[in-house]
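Trainee: Could you walk me through the labels people put on this model? I'd like to see how each one is earned.

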Amino acid sequence: MNLRAALVLTLVMASLGVAVVSADENDADALYARQSRIANQLDCPVCQGQSVKESNAPLAQQMRAIINEKIGDGATDEEIFDFFAARYGVGILRDPPKQGLALGVWLGPIIAAAAGVLAVGVVLLRRRPQSVSTTDDSLPELEARIDQLRHPPGGERT
Amino acid sequence: MQATPVIDLVVVGRMALGLAFGVAVLQLSMSGLAVWRRSPGFTDAARNAAVVLAAVVTLAVAALAAGFLTQDFSLAFVADTSSRSMPLGLTISALWGGQEGSLLFWAWGLSLFSALAAWRMSTRDDALAPWGIGTLAAVALFFIGVLVFVSSPFQRLVVAPVDGRGLNPLLWDSGMQVHPPMLLTGYMSFTIPFAFAAAMLAAGRISQDWLREMRNWMLAAWAIQGAGLLLGAWWAYRVLGWGGYWGWDPVENVALLPWLAATAYIHSALAQERRGQLRAWSVGLVLLGFALAVFGTFVVRSGILTSVHSFALSDVGPIFLTFVGIVMVIAVLAFLYRLPLLRAPLPIESLASKEAGVLLNNLLLMAVLVAVLWGTVFPIFSELVQGVRIAVGPPFYAQVTVPLLLIMLGLLGIGPLLAWRRTTARAAWRATRWPILVTVAVSAVLLAVGMRAGLAVLGFGLAALVGAGALLELARSVRARTPSSPSEPRIALSLVGSRRRLGSHVVHFSVAVFAIGIVGSASFGQESAARLAPGESATVDGHTVTFRGLRPVSQPGLTTVYADLDVERGDQPPARLTPSRRIHVGWENQPTSDVAIRTTFPGLDDLYVLLDDWEPDGSAASFRILVNPLVPLLWVGGALYFIGVLVLAWPAATRQPAQAPAPAGHPVTP
């Protein structure tokens, strides 16, 4: 019961988190907001570690102008990203595409997290049978007794 | 201006470093002899060597500092990182403004910490001490070896230039005086707990006393690294001028990694201490923390990951990588070999218990750590595999870490309220009902007043959960210190115990404050760009910004262009903001901006104005104007974090008389 409650709580919170994060921002109406959002997803090719939005390099300024132009022409975000990816390579996209080699960056954490959950699960399950089985009503006395044995009065406790 | 030096600093510095190398070798060999001969005399000799080492490295640092103070540009490092036009405070901080100096600073900090740690080791455990002191010697030997043979801060220029090149303009800031030394000290300090862990693995003996000592040093490393990260965020916000405080830049990421490992350790060590659980895991985290700290130093200094910080290009990269590799292989082998020793005597009984919460906390922290590490190294990996450098930017990190961090917030609200061992559903509900009700109430109110950003409602709600839980626990632990009857076993709680609990609640509360700042600034920030002629205004989120004109100011070596802006917002008194751009002689292609920030109360919005560009005749200027809500809470949260850490890590002044005569906790002064 406790276990189930904890699992349900975790799942609910996880899905809430995912739902929220994947929800679209809704204030991309203004041209500038959209331009800077797109520019922020492109790595400035000539700067180090800055996005096209942050950089003041001439190339980045040109790229911002191109973004504005494309938005004016009615291009979608995807078309703009594709345009720059075709020009400068897929490496320019700060949000790595979920395909090809770049898929690896997404899979890594997922695999690691799954392995972690599995390892913790194995540890918990393997140890479970060893746990002292007592009825709940005798538990307080027993624990008090164990506490006394493990932490004699006066011993440091935290 | 420069007098003929009475003392040749190059000679002094080189001699000091050469001597340091010899002393480190001595410390290592004495430790070896102490292990081999089992003789405490050799242990004492090794300890004394550690103290001498600290003195000698201090001398080398003093020589370099003297070079900066006397503007001795015959020293290549001084000529490279300082110039006559730099103010004194900045000149001192140029000591860590380049690779050689920052490695020297690293080694200096290590030698000081090592001397203290070696002293404490030698008074504690005869069998473990030589291993620990030897490990410290080995790490010191590596760094001093790099300083002597590869990257010496005492290179002489045949012809001393009239003036030095000066620091990169980005570093011309008071933040330079605090952020880099704090972070370098943080990285360095992970060595000490590592030495304690390595000694236990090597000697094959677990000592409760050493585990405690290791925990204290790890707490220190965690606190210092945390302070370094906070100062970095504060600096980035004020100086880098993109309006944010955290950019998932590779150098930021690698500094975060050891801190995450240390955070996981702090919690798992609690389960280890209280219940004997997660012991192997805790030791593993100490090893991991050190490896990540050296990796971080390597990344900052190697330029392998291009980032805004990569003005630190160098040739020490491969050496560092080899060192990390060797340390890791030895550590992992020793760890696996000693694994039976580290097995937990007691199982985790229930998922609804504090120790299960700790386990889950560690799992989440590790997930964040792996994701950040993987994202940071993936560009190199993709370049090696396919020759294409895949960029991994903030969108990746946000998508991966935000859900994890939200779950962690929820867990942080509930976990500390659960009991050790197991909690029945009723007891769990009784313990957590008030924070949960507060959370529901906060979320309902936010929805009712029309907040529609789901992430913000969830984030604020969970922050309320954490904050309410921490306050509740704070109240409880204060009450618990007043015993209701003399025979209450609560009296047995030592002051240390309560203080640590007290500190942890303060730190948890600071996380809540921090979370509100992050969620607020990430969800409700507004940004706009404006090109204004003198007299024209722009309005962003109620703030009216009027451009009054440009004001260039020339100083030797530096031209600063100020833009005068009048700012008004309904109820607030009008104010003047002067964002500026600095153009340094010799760095003309890198104009550096000084952001103007105005915090408005009570909403805690930061109006953040950046001067982008201007017409040479002053007829117009472009600005970026941002409104960053709740960012000041980050600094409040940072201060609270620090207060909490001090409370929980401060050495015990008084001890229970009933207790065995254990040595008092050692000072952890970040």
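What follows is a set of labels, each checked against its cut-off.

Mentor: Keep in mind that this is a predicted model. Pick a label and we'll test it.

Trainee: Let's start with helix packing in chain B. Why is α8(B) called roughly antiparallel to α9(B)?

Mentor: Look at the angle. The axes of α8 (residues 191-203) and α9 (residues 208-240) of chain B come within 8 Å and cross at roughly 155°. Angles over 145 degrees count as roughly antiparallel, so α8(B) gets that label against α9(B). The crossing is a left-handed one.

Trainee: Which residues make that contact?

Mentor: From α8(B) come Ile192(B), Pro193(B), Phe196(B), Ala197(B) and Met200(B), while α9(B) brings Trp210(B), Glu213(B), Met214(B), Trp217(B), Met218(B) and Ala221(B). By type, 10 are nonpolar, none are polar and 1 is charged.

Trainee: Now chain A. What makes α2(A) oblique to α3(A)?

Mentor: Same sort of test. The axes of α2 (residues 31-40) and α3 (residues 58-72) of chain A come within 10 Å and cross at roughly 125°. Roughly perpendicular covers 65 to 115 degrees and roughly antiparallel needs over 145. An angle of roughly 125° fits neither class, so α2(A) is oblique to α3(A). This crossing is right-handed.

Trainee: And which residues meet there?

Mentor: Leu31(A), Arg34(A), Gln35(A), Ile38(A) and Ala39(A) of α2(A) meet Arg64(A), Ile67(A), Asn68(A) and Ile71(A) of α3(A). They split into 5 nonpolar, 2 polar and 2 charged.

Trainee: What else is in chain A, helices or strands?

Mentor: Chain A has 6 helices and 0 strands. Of its 158 residues, 21% count as buried.

Trainee: Back to chain B. How do you know that the end-to-end length of α1(B) agrees with its residue count?

Mentor: Helix α1 (residues 9-37) of chain B has 29 residues, which at 1.5 Å a residue should span 42 Å; the end C-alpha atoms are 41 Å apart, so the two agree. Right after α1(B) comes Arg38(B), with a positive phi near 55°.

Trainee: Does α5(B) have a label too, and what makes it largely enclosed?

Mentor: Count its residues: 21 of the 24 in α5(B) are buried, so the rest of the structure largely encloses this helix. Its length checks out as well: α5 (residues 99-122) of chain B should span 34 Å, and its end C-alpha atoms are 33 Å apart.

Trainee: Why is Ser151(B) called buried?

Mentor: The cut-off is 20 or more other C-beta atoms within 10 Å. Ser151(B) has 20, so it counts as buried. This serine lies in the loop between α6 (129-150) and α7 (175-189) of chain B. Beyond its sequence neighbours, Ser151(B) touches Gln99(B), Glu100(B), Leu103(B), Val146(B) and Val316(B).

Trainee: Then why is Gln71(B) partly exposed?

Mentor: Gln71(B) has 19 other C-beta atoms within 10 Å. Buried needs 20 or more and exposed needs 12 or fewer, so Gln71(B) is partly exposed. Its place is the loop between α2 (40-69) and α3 (76-81) of chain B, and its phi is positive, near 50°.

Trainee: What makes Asp541(B) partly exposed?

Mentor: The count for Asp541(B) is 17, which again lies between the two cut-offs. Asp541(B) sits in the loop between β2 (537-540) and β3 (543-555) of chain B, and has a positive phi near 50°.

Terms used:
Residues are numbered from 1 along each chain as its sequence is written. Chains are lettered from A and ligands numbered from 1 in the order in which they are written. This is a predicted model: local features need pLDDT of at least 70, side-chain atom pairs count only at pLDDT 80 or more; totals for chains, interfaces and linings use all residues. Axes are lines fitted to C-alpha atoms, for helices over the stretch in contact, and angles run from 0 to 180 degrees between N-to-C directions. Helices (H or I, at least four residues) and strands (E, at least two) are DSSP runs, numbered from the N terminus. Angles under 35 degrees count as roughly parallel, over 145 as roughly antiparallel, 65 to 115 as roughly perpendicular and the rest as oblique. A crossing is left-handed if the near helix is turned anticlockwise from the far one by less than a right angle, and right-handed if clockwise. Two residues are in contact if their C-beta atoms, placed from the backbone, lie within 7 Å. Ala, Val, Leu, Ile, Met, Phe, Trp, Tyr, Cys and Pro count as nonpolar, Asp, Glu, Lys and Arg as charged, and the others, Gly among them, as polar. The expected span of a helix is 1.5 Å times one less than its number of residues. Lists of a residue's contacts leave out its neighbours within four places in sequence.
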